[in-house]
Structure formats: C-alpha cells, structure tokens
Amino acid sequence: MEYADLVALYERLAATESTNEKRTLLATQFADAGEQLHRLVLLTRGRLYPAYDREELGVSSQSVLAAIAKASGVAETPLRDRWSETGDLGDVAAWAVENGGQQTLFSAPLTVERVHDTLRELPGFDGAGSQDRRVDTVAGLLSNADPEEARYVVRTALGHLRVGVGEGTIRDAIADAFLEGGDEAVDAVERAYQVTTDFQVVARTARDDGRPGLEQLSVELGRPVQVMLAETAEDVPDGVAEVAADGVALCEYKYDGFRVQIHVDGDDISIFTRRLEDVTEQFPDVVRAVQEAVTPARVVLDGELVGYTPETVGAEPQGREPLAFQQLSRRIKRESDIEATARELPVVGHVFDCLYEDGSLLSAPLRERRDRLDDVVTAVSPEPDTGIAGFEIAHFRRMPGDEPTGASELYREALDAGHEGVMLKNPEAAYQPGRRVGRLLKHKPTMEPLDLVVTRAQYSEGRRSQLLGRLFLGCYDPETGDLLEVGRLSTGYTDEELQQLTDSLETLVIGQDGRRVELEPSVVLEVEYEELQESPEYGSGYALRFPRYLRTRDTLAPEDADTIDRVETLYESQ
Ligand code: AMP
C-alpha cells in the first residue's frame with residue numbers, strides 16, 4: 001500500500017468532525033487492508049507499538065527539526081519561527097518540503113510498510129552517534145516525501161497525529177469491518193481490547209476467527225490487561241451494603257501509591273503501571289522482592305506500590321510513614337542512578353489481586369482470587385540497603401454487609417496509618433478489565449474546592465494548540481500581596497469554556513516566551529482536586545494533585561482568592 005493512500009485517509013479523517021464518518025472510513029480501509037491490517041490499526045492512531053510496549057521511538061522535537069532542515073535545505077531558524085507560530089512540526093515539515101530548495105527524490109514512492117518499518121528502527125539505535133542516525137533516518141523518509149506525506153511522517157515520529165481518531169473509533173471500525181456491527185459486536189471488540197490492550201491482536205482475531213475468536217482471548221503473560229476501576233462510595237456503611245454478596249463484603253486499605261500489574265513468567269518479570277507503561281527497569285528492588293515472594297512460575301498480580309520514608313519502611317505496617325505520591329513519582333521517571341534512588345525512596349508492593357496462575361483467573365470470584373494470593377505470595381520485608389523492596393498482601397477484613405461499623409473502623413485505621421481511605425469489594429465479582437462496574441468502590445475524604453488565580457499559561461499541544469490549555473494557578477498571600485503558585489491545571493473544561501478562557505487571558509498577556517505567556521493576574525477559577533501535596537516545584541510549597549476546572553469566578557478579584565493560610569490549613573487537615 002502506498003503511503004500516499006494512507007495520507008489521503010488521514011486527510012479525510014481530519015476533515016470530518018463526525019465520529020460516524022471516521023468510523024466508516026476506517027472500517028472500509030481495515031476491511032481492504034489485507035496484509036497491512038496490523039500496521040494500519042496502529043498507524044491510523046499515529047502509533048507504531050501497542051500501548052503497553054516498552055519501545056519508544058525516542059525522537060525529540062529537536063531531532064525532527066534537524067531532520068526537516070536536512071531534508072528540505074531550509075535553515076533551522078525559520079523552521080523554529082514557524083513552529084512557534086503553528087505549534088505543529090508536521091505543518092512545518094509540509095511547508096519546508098514545499099518551499100525548500102532541496103529537490104525531493106521521488107525515485108521511490110513511500111509505502112506504508114517502509115514508513116512503518118523505518119520508524120520502528122529508531123529505538124534500536126544506541127550509543128554514540130545514535131541521535132545523528134535518528135536525524136538521518138527521519139530525513140531519509142522526508143527526502144522521499146511530498147509535503148502532505150512529510151506532515152504525517154513527522155507527526156507519526158512525534159506521536160501526535162491530530163486526525164481525531166481515538167481508541168473508541170478504532171474499536172467501532174473493527175466491529176463494523178469484521179463483525180456484524182451493532183452494540184454487541186462493539187462490546188465484543190471492547191472486551192477483547194481490555195483483555196489484550198492490543199488492537200493488532202484484536203483486529204486480526206476479529207477478521208480471522210470472528211466473535212468466538214475474540215471471546216477466547218484472555219490474559220497472556222507479558223501482555224498487560226486493563227485494570228479494573230473503582231466507583232466512589234459516598235459513605236462507608238452504604239458502600240459496604242452495596243458491594244456485599246451473600247452477606248459479606250471485602251474491605252481493604254486504599255493505599256496511596258501507584259497501581260502496578262506484575263507479570264511473572266519464570267525469571268522474566270515485568271511491571272506495568274495503570275496506564276500500562278512498562279516500568280520494570282525503574283524498580284529493580286521490586287523485581288528482587290517478587291523473585292523472593294512469589295513461588296509459582298507463571299503468575300499475574302495486581303497491586304499498589306507505595307513509597308515510605310527510609311527510616312520507617314522497615315517498621316511494623318502501622319508505624320510506616322508513606323511518602324507523598326509526588327516524591328514517589330521521581331522513581332517512575334528515573335533513567336539513571338536507579339539503585340541510589342531506590343534506597344532514597346524505598347517502596348512496598350501491596351498486592352490485592354491475582355489475575356493469572358498457570359491460566360486466567362479473570363472469571364473466578366474475587367474471594368477465590370484472594371485465596372490464590374495466599375498460596376502464591378510470601379511476605380518479604382523491605383531491605384533498602386540491600387536493594388530489596390517490601391512485598392505483602394494488602395491489609396483487609398471480611399465484613400458482614402449488615403453490620404458495617406467494622407468497615408468504618410478500618411477506614412479510620414487506614415487514615416491514621418497515612419493511607420488514603422478504603423476499598424470496598426464484592427467477593428463474588430469477576431475481574432472486569434477496564435470497567436467501572438460498581439463491584440469495586442472506594443471511599444476517601446474529599447477536599448473542598450479552591451478559588452485560585454491564573455498567573456501564567458501555555459498553549460496546548462494537538463487539537464487545542466490555539467488554546468491556552470495549561471494554566472498555572474496561584475493562591476494569595478495577604479501579607480505581601482503576592483500570588484504563590486500551587487500547581488498547573490489542564491483538564492475539566494469543555495472546548496467552549498477553554499475558548500472563552502483563552503479569549504479573556506489573551507487580553508492579559510504581559511510577556512511571551514515561545515508558547516508560554518506571562519499574565520497580569522486577574523482571572524480567578526474554582527478548581528477541585530484530590531489532594532494537596534508538599535512540593536518544592538511551586539512558590540507556595542504545595543501542589544494540587546489532579547486539579548480539575550470547575551468554573552470561572554467572574555465576581556472575584558485576585559485578592560478574593562483563597563490564601564496561602566487556607567492552603568496550609570487544608571494540607572494539614574487531610
Ligand atoms: P482512584 O485512583 O481514586 O480512582 O482509586 C482507585 C485506585 O486506588 C486503584 O487504581 C489503585 O491504584 C488504588 N488502590 C489502592 N489500594 C487499593 C486496593 N486495596 N484495591 C484496589 N485498588 C487500590
């Protein structure tokens with residue numbers, strides 16, 4: 001298949017807002033794809049690997065800019081100027097190929113296979129000179145590209161395709177292309193995707209083996225399933241009554257760290273996050289703990305990794321001091337000094353589910369999966385000095401559904417020990433990957449919203465590149481009159497709300513640096529969030545965790561915003 005044909009599809013997808021039309025365009029293409037199907041299901045979302053694969057292209061914007069310069073003969077400075085105007089290096093590439101002095105070598109028209117396979121070579125370049133080889137490789141593709149092709153080669157290399165195709169559209173198109181369509185077909189594809197996280201497998205199976213084939217797909221070692229999600233219980237006793245089955249509910253500590261899915265296949269151990277990123281390399285201490293803790297050779301475990309202070313991690317569970325998530329997140333991003341960071345920020349893995357033991361356990365009831373955990377896991381004490389993490393089964397109690405005071409006690413106990421709250425679980429429920437089904441509830445204290453002032457902003461990437469979608473927020477210091485930043489907001493608004501905000505913020509710009517703007521403080525927003533954390537990153541010393549926009553407070557001036565004292569009090573109270 002010629003790459004120009006895929007580019008024509010990208011343009012048709014980008015030209016319509018209608019998801020139905022996108023779905024039909026994709027379904028037709030998938031049905032005709034033949035041998036290219038596995039490439040197309042990823043490339044139509046601008047991907048080269050399934051979501052969980054640890055490979056990343058590792059191409060920086062800077063390398064792409066250099067590749068555009070090399071292929072087009074246009075100097076980097078004008079390219080950079082255009083980039084700050086449009087925010088999209090794909091558009092810059094199209095313009096440069098169109099207007100550059102260099103002759104494009106149309107000798108070999110680009111094929112889908114060549115673009116796909118060439119870009120997939122990039123992660124393999126290692127060591128000295130690898131950056132130059134990446135530049136040369138991308139430039140090689142661009143030298144053979146017409147302007148439109150160049151736009152999409154660049155966007156694919158950078159992972160921002162901008163044609164408005166989400167996972168849901170790919171799912172629906174696969175259902176239309178290979179099954180009879182309709183809600184049931186869509187559900188079958190959805191379930192298969194939640195179990196495999198791989199549209200290549202799902203599309204191929206749907207085409208070759210239909211619905212029965214999709215139903216057969218199950219957990220496989222090394223390929224993470226999407227995690228089961230929780231709904232909120234407004235209060236603990238009601239939550240217990242809601243999830244109880246045969247008069248019993250399972251109540252567990254809700255730990256505040258990050259979700260991990262651990263795959264053990266003999267000596268081959270992989271650790272995936274909730275977003276299914278592979279973080280095995282960042283946690284050698286957990287790998288060692290799993291080697292000690294887990295007896296059978298082939299297991300998948302679900303749990304939460306929690307950071308504790310090095311002084312307390314070795315204490316009894318109630319005496320440990322959990323680290324704020326912000327601190328722990330340093331370990332997730334770490335690429336060097338991994339062992340030293342592990343000693344500074346030691347973790348304990350608290351496992352609460354077993355999804356596989358020599359075969360899938362997804363449809364077994366939770367009580368049975370919990371029993372398997374007892375067979376599979378032996379607790380391991382943390383030894384930060386020797387580089388071994390702690391590993392244990394999450395603290396839980398079985399509660400009668402009609403006598404929920406014990407669950408409220410467990411909740412207080414969890415908060416006293418510095419954890420986040422409780423999880424309430426239906427012991428008869430199967431594991432439902434990717435679903436929120438009311439059989440898994442969470443309860444934790446909620447935080448009051450804050451009124452905060454927008455101090456600086458940055459234009460978004462992608463579809464919202466003309467909108468100021470990243471807003472830095474400050475609280476008020478009545479003593480000095482300063483605004484002290486407490487975090488950055490980027491979700492919760494509709495397109496229309498963000499457009500209105502951008503219109504008012506653009507009248508307040510007092511300085512600009514690339515895509516960042518400095519603002520005269522005037523706009524006050526009401527923001528909700530899950531938690532306040534200490535943070536050296538912001539002037540207030542605190543950071544909001546998961547802030548979301550609620551509304552604009554037109555009637556408030558910056559002096560009416562919440563104060564640093566209020567932020568401190570809320571921090572202390574959580
Ligand atoms: P939330 O992130 O607030 O929606 O709460 C759900 C998250 O709580 C899960 O994704 C896990 O990362 C985390 N969690 C902590 N402890 C548990 C537990 N005992 N069972 C299930 N999830 C837990």
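How far does a backbone N or O atom of tyrosine 255 lie from a nitrogen atom of the ligand? The close-ups below, taken from a predicted model, begin with that contact.

**View 1. Polar contacts of the ligand with Tyr255, Arg259 and Lys425.** The answer is 3.0 Å: that is the separation between a backbone N or O atom of tyrosine 255 and a nitrogen atom of the ligand. Lysine 425 places a polar side-chain atom 2.8 Å from a nitrogen atom of the ligand. For arginine 259, look to the side chain, where an N or O atom is 2.8 Å from an oxygen atom of the ligand. On its own the ligand would expose 500 Å², and the protein buries 91% of that.

**View 2. The shell of residues around the ligand.** Here you can find Glu252, Tyr253, Lys254, Tyr255, Arg259, Arg274, Glu304, Phe352, Met423, Lys425, Lys442 and Lys444. By class, the shell holds eight charged and four nonpolar residues, with no polar ones. Strand S2 (248–254) and strand S9 (421–425) are the elements that each give two or more residues to the shell. S2 has the largest share, with three residues.

**View 3. Helix H7 packed with helix H8.** Now we move to H7 (residues 112–121) and H8 (residues 130–143), whose axes are 10 Å apart and meet at an angle of about 170°. Because of that angle, H7 is roughly antiparallel to H8.

**View 4. Residues in the contact of H7 with H8.** From H7 come Arg114, Val115, Thr118 and Leu119, which meet Thr137, Gly140 and Leu141 of H8. Sorted by class, this contact has three nonpolar, three polar and one charged residues.

Conventions
Residues numbered from 1 in each chain as written. Predicted model: local features only at pLDDT ≥ 70, side-chain atom pairs only at ≥ 80, totals over all residues. Heavy atoms only, no water. Axes fitted to C-alpha atoms, helices over the stretch in contact; angles between N-to-C directions. Helix = DSSP H or I, 4+ residues; strand = E, 2+ residues; numbered from the N terminus. Parallel < 35°, antiparallel > 145°, perpendicular 65-115°, else oblique. Contact = heavy atoms within 4.5 Å. Nonpolar A, V, L, I, M, F, W, Y, C, P; charged D, E, K, R; others polar. Near = heavy atom within 4 Å. Polar contact = N/O pair within 3.5 Å; in protein donor to acceptor, adjacent residues only side chain to side chain. Areas by Shrake-Rupley, 256 points an atom, 1.4 Å probe, with all protein chains shown as cover.
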